[in-house]
Structures are given as C-alpha cells and as structure tokens.
Amino acid sequence: MSTLRRFPPTGLRWRLAGWLALVTLACTAIVFVTVYRGTGTQLRHQIDQETAGDAGELAHNLALARSRTPRQLSAAATRYVRAQPFSASSTLLFVLVPGVGTSTNRPEVFAPLSPDHGETPAEQAQENRLSARLLAAPAGYSTVLLPDVGDLRLLKRLVRVPGGLTVTVGVGEPLAAVAHAQRSVARAFILAGLLALAGALLASYLVGARLSSPLRKMAAVAARVDAGDLYPRIHHTGGQGDEVKVLADAFNHMLDRLTDAFAGQRAFVADASHELRTPLTVIRGQLEVLASQREPSGEEVRRVERLVQAEIARISRLVDDLLLLAKTEQTEFLRIEWIDLSAYVGELWDGMSLLANRHFELGPVPAGTLRADPDRLAQALRNLVGNAIEHTTADGTVRMRVQSAPGERIRFLVEDDGPGIPLDQRERVFHRFHRIDAARDRASGGTGLGLAIVRGIADAHGGTVSAGESQEGGARIDLELPGFTAAHARAADALGETVRAQHGRGASGAGDAGRVRTR
Ligand SMILES: Nc1ncnc2c1ncn2[C@@H]1O[C@H](COP(=O)(O)OP(=O)(O)OP(=O)(O)O)[C@@H](O)[C@H]1O
Ligand SMILES: [Mg+2]
C-alpha cells in the first residue's frame, strides 16, 4: 500500500511503461497482420502452382492416351488418376468426359445418385450436392467448401484432346495447410508478443525510474527550499547535452540567485533599520538631555530643536529614498515623455550650477529629442552632480558632457576633480547603502542610496550606469539611456559652445559645500 502511494500509477515511469506497452502492442499487431496475411498468400500461391502443374500433367497424359472414343478416354483417365501417388491423399483429381461420366480419385464424391454401400440417404444426398457444386464451379480457380475437407482450392480447365473431344479436368487441393500455418503464426506471435510486452514493460519501468530519479531529487530539494532552507543543491553528473544536467544547473543557478536575493534583502532591511536607528538615537539623546535640565535656557532649547529638525529631515529623506527605490522596480515607475534635450539639459544645469561654489562646465548638448521621464532623469542627474559637489572643494570643477551614442542612445558624463572612486569600488558604489568612507559620509548626512537610485532609474529606462575616472583623476559617472533621436544637423550646432558658469552664490565655504543637497 505504501509502495503504491510512493509510486502513484500516474507517475512518469508508469506512463512511460504504459505508452511503451501500447507501442509494442501496436507494432506487434502490425507485424502479425503482415506476416499472417503474407503466409496465407504465399501458401495459396504455392497451392495454385501445384494444382496448375497437376492439371497440366493430367491434360498432357490424356492427350498422349490416343483414345478414340469417349469411353476409352474415360477409362484412360480413370487409370491415370488412380495411379497417381496423391490419389490416397486429400487432393482431388477428376476428369469429366461428356456422355460417359467422371473419372476421379475420390469416387465417393462423384458416385451414382443412389446410396452407396453403407451410406445413409442423407450422406448420399450431401455428396450429390457436393459433386454438383464441384461440377458447377466455373473454369479457372475457385474455392469450394467441402464438409469433411474444409475449404478446397479448385482449378477447372477445359481440355481439347486429339479426336476432337473436350473434357473438363479438375484438380483440388485443401486449404487446411494454409489455415494450419496461419494458426501457427498466430500462436508464435501471441507468445512472442507477450514476451515482448513483458520485456517492454519492465525495460520502460526501469528506464522511467532512472529518468525520473533526478526529477524526484529536484522535487525533494524544492520541498526543502519551500520549507525555508535555501542551501541544498542538486548534484547531477552528466555531459553537456544531458537535458537533466541542464535543468539541474538552471535550478541550482536559480537557487543561487534566490539565496543572493534573500541575503540582499536581509542586508537591505538591516541597513535601513540601522540608518533609521541612528537619527532616532540622536533625537532621543537630545530630548533626554533637554528633559534632564530643570529649566533649560532658550538657547539650549533652540539648539536641541535644530538638531532634532536636522535628524527628522534626514529620516524623511531616507524614507523618501527607500520608497523611491522600492518603486523603481514597478512598471508604472516612469512617466515617459518626449524631451527636447538641449532645452531640458540647459535648464537643469542652470538650476544645479547655483548650488555651490564650483566651476560648473557643460559641454555641447546634441540637439534632438529623448524619450524619458524628465523628473526621474533630473533626479538622477541631480544625484550625480550632488555627489560631484560633495567630493570637490570650493573652486573645484564639476563638469557634464552629453554625447550621442550608437543605437539611438545618449550618454551623460558627470565628472569632477575630486579624489575619485577607487577601481575596486566602482561597481559597489551603486549598491544600496554602500559608502566608501562610511564614517565621514554618515557624519555629512549621506546615506549611500543616491547612486543606487541612479541605477534604478537607468534600469527602468533600459539604460546603464557605470563609474570611471575623469581626466583630472576625479570621479566620472557615465549614465547611458536609449530613446534618443538626433535632430537635423543644423539644429545640432545650436548648443555648440561650451557653457561655463562659475557661481559664488549658495553655500559659502568648503565645509558647507559638502552638505549641499540637490534633492
Ligand atoms: N563624485 C564622487 N567622488 C568620489 N566618491 C564618490 C562620488 N560619488 C559617489 N562617491 C562614493 O560613492 C558612495 C555612494 O554614493 P551615493 O550617492 O550612493 O551615496 P551618498 O552620496 O553617500 O549618500 P546619498 O547620495 O544617499 O546622500 C559615496 O558614499 C561616496 O563614497
Ligand atoms: Mg550621493
């Protein structure tokens, strides 16, 4: 019972066994019908040839007999048929001489119309009917059913003998041998079919068990994963072309990705909680300090209020960033529009270059339109420019170059002359909460989400973002988006001149510039 439950009859091995049994049966049936019919046809053909030979020989002998009268001819025929070696067998041989009678090796069949010696009238009547049927059979081949013999293959020929007489020569051979051979074929096929069926069932069951074994292992691994254990893997040894190996590898790869995704999610939640806890701890500490004073001075209250406000602003920014990051994975994250690139970049740059005391340089912007979400793109560029401002000192350079790229793409290169991003950090800076100098950035208010948001926005547009090095050795962030359609060549020169702007407004010194925000 338990075995049945473990291997339900709907399982792969049972279905395989069932199908193979059906195919074996069908093949055996087709071969059987072919062999059965072939045997019958061949034997019948052989019998036809034999009867033709016998009839020919009989006709030839009658011709040689040189009998002058019908009676002499009949006597010669009787002598011949009685002398044949097959006269005692079941083969029928007769010669009908008109006006005389029938000479045959089976006289009881063609006997006179009265009861023979020892025969009942019913038996004699039957023989009379039989002889009438034999005599009435058409010339050529026919099959006649005889009560004792069964089916009889009969060949009748009209033979003209010397002297002008025409006699009927008949030769009959029972078809029992054919039926017998066909029965033997059927018996052999039933036996062989049963053996083949049993062999096919056993082989297919074993093959099915072998094939389904890795699948059952995969199901067991999937069940463990479902129960929360992400670490089991399928170990299947097989060649390159082994489909099960391909499936097992894909399954393992999927589990690796799942494990990474879960680990990333856990780390993200831990980081987010940690980032939220830090300002909350500051707020609580400051409030406790304030509460511990019986009569706090107005200055002290304002100091605490300033600190608490700053931390609350930090928390709300963090929450906003987290929400935005969560939304980047949703399909309705973007509101795509046609953007006039030169006007858009010029306006954005004008706003950003007011934020700090830096050399802001904007290279020529190719004329054309870009299909993108203007608000999200502005946010990404502001994050990049904000980072550049943060990592440069007063009078440092913040540069943006915009270039068209093959495949209707556009590249935004934001560069600075700050310390740059070390080679081994250039991918990691795009990870959530990753900061190169965590202590300094936390003190300066950075949460390490800015570049992750830029990547989220780039991904949502079907674009890419990567970090590199500027010509001054500072950082260069390369944001590339699809969907750019270049305008007419004349229009491309519209913003040909490099726009340089140096602003002294906004933040006043190097220390303040590090806290400048673009969002
Ligand atoms: N222009 C740059 N020059 C040098 N380092 C940079 C530059 N831009 C980013 N980085 C490094 O990459 C890290 C991640 O940048 P990201 O913008 O994601 O976070 P953040 O600026 O620290 O915080 P947030 O942008 O969320 O306020 C930064 O902490 C910084 O160490
Ligand atoms: Mg940043």
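L381 counts as buried in this predicted model, since its relative accessibility is 0%, and buried here means under 20% relative accessible area. This leucine has its place in helix 9. Leaving out residues up to four places away in sequence, L381 touches L348, M352, M400, F412 and L479. Another partner for comparison is L413: the two residues are 32 apart in sequence, and their C-alpha atoms are 9.5 Å apart in space.

Helix 9 is a good place from which to explore the largest nonpolar core, which has 53 residues. Within this core, the residues with the most contacts are L341, V345, L377, F412 and L479. Helix 9, spanning residues 374–390, supplies the largest share of the core, 8 residues. Both domain 2 (243–324) and domain 3 (332–513) contribute residues, and the core therefore lies between them. Apart from this core lies another one, of 17 residues, with L62, L93, V97 and V159 among them.

V345 offers a close view of how the 53-residue core is put together. When residues up to four places away in sequence are not counted, V345 touches L362, V365, M400, V402 and F412. M400 and F412 also appear in the list of residues that L381 touches.

Two further residues show burial in other settings. A356 is found in the loop between helix 8 (341–352) and strand 7 (359–362). Despite this loop position, A356 is buried, with a relative accessible area of 0%. Its C-alpha atom is separated by 9.9 Å from that of T393, a residue 37 positions away along the chain. T259, by contrast, is found in a helix, namely helix 6 (residues 243–292). With a relative accessibility of 9%, T259 counts as buried, because the cut-off for burial is under 20%. Leaving aside neighbours within four places in sequence, T259 is in contact with L230, Y231 and R233.

Backbone angles bring two more loop residues into the story. Most residues other than glycine have a negative phi. E408 has a positive phi, near 55°, and is not a glycine. F433 is not a glycine either, and its phi is also positive, at about 65°. Is each of these residues buried or exposed? E408, in the loop between strand 9 (397–405) and strand 10 (409–416), counts as exposed at 54% relative accessibility. The reason is that exposed means over 50%. F433, in the loop between strand 10 and helix 10 (438–444), is buried, with a relative accessible area of 8%.

Attention now turns to the spaces in the model. The second largest pocket has a volume of about 280 Å³. Its lining is made up of L325, T328, E329, F430, H431, R432, A452, R455, G456 and D459. Which elements give two or more residues to this lining? They are helix 7 (298–328) and helix 11 (450–461). Helix 11 provides the largest share, 4 residues. By residue type, the lining of this pocket divides into 3 nonpolar, 3 polar and 4 charged residues.

The structure also holds 1 cavity of 30 Å³ or more. The volume of the largest cavity is about 30 Å³, and the residues lining it are S67, R68, L73, V161, P162, G163 and L165. This lining divides into 4 nonpolar, 2 polar and 1 charged.

A wider view of the protein chain completes the picture. The chain has 13 helices and 14 strands. Of its 519 residues, 41% count as buried, and L381, A356, T259 and F433 are examples of buried residues. Contacts also link parts of the chain that are far apart in sequence: among contacts with a separation of 6 or more, 65% are between residues 24 or more positions apart.

Terms used. Residues are numbered from 1 along each chain as its sequence is written. Chains are lettered from A and ligands numbered from 1 in the order in which they are written. This is a predicted model: local features need pLDDT of at least 70, side-chain atom pairs count only at pLDDT 80 or more; totals for chains, interfaces and linings use all residues. Side-chain values use heavy atoms; hydrogens and water are left out. On a 1 Å grid over the protein atoms alone, a cavity is a set of points where a 1.4 Å probe fits but cannot get out, and a pocket is an open set with protein on both sides within 12 Å along at least five of seven lines; lining residues have an atom within 4 Å of a point. Grid points are joined across faces, edges and corners, and a volume is the space filled by probe spheres set on the points. Ala, Val, Leu, Ile, Met, Phe, Trp, Tyr, Cys and Pro count as nonpolar, Asp, Glu, Lys and Arg as charged, and the others, Gly among them, as polar. A nonpolar core is a set of buried Ala, Val, Leu, Ile, Met, Phe, Trp, Tyr and Cys residues joined through side-chain atoms within 4.5 Å. Buried means under 20% relative accessible area, exposed over 50%, partly exposed in between (1.4 Å probe, protein chains only). Domain bounds come from an automatic or database domain assignment. Contact means heavy atoms within 4.5 Å.
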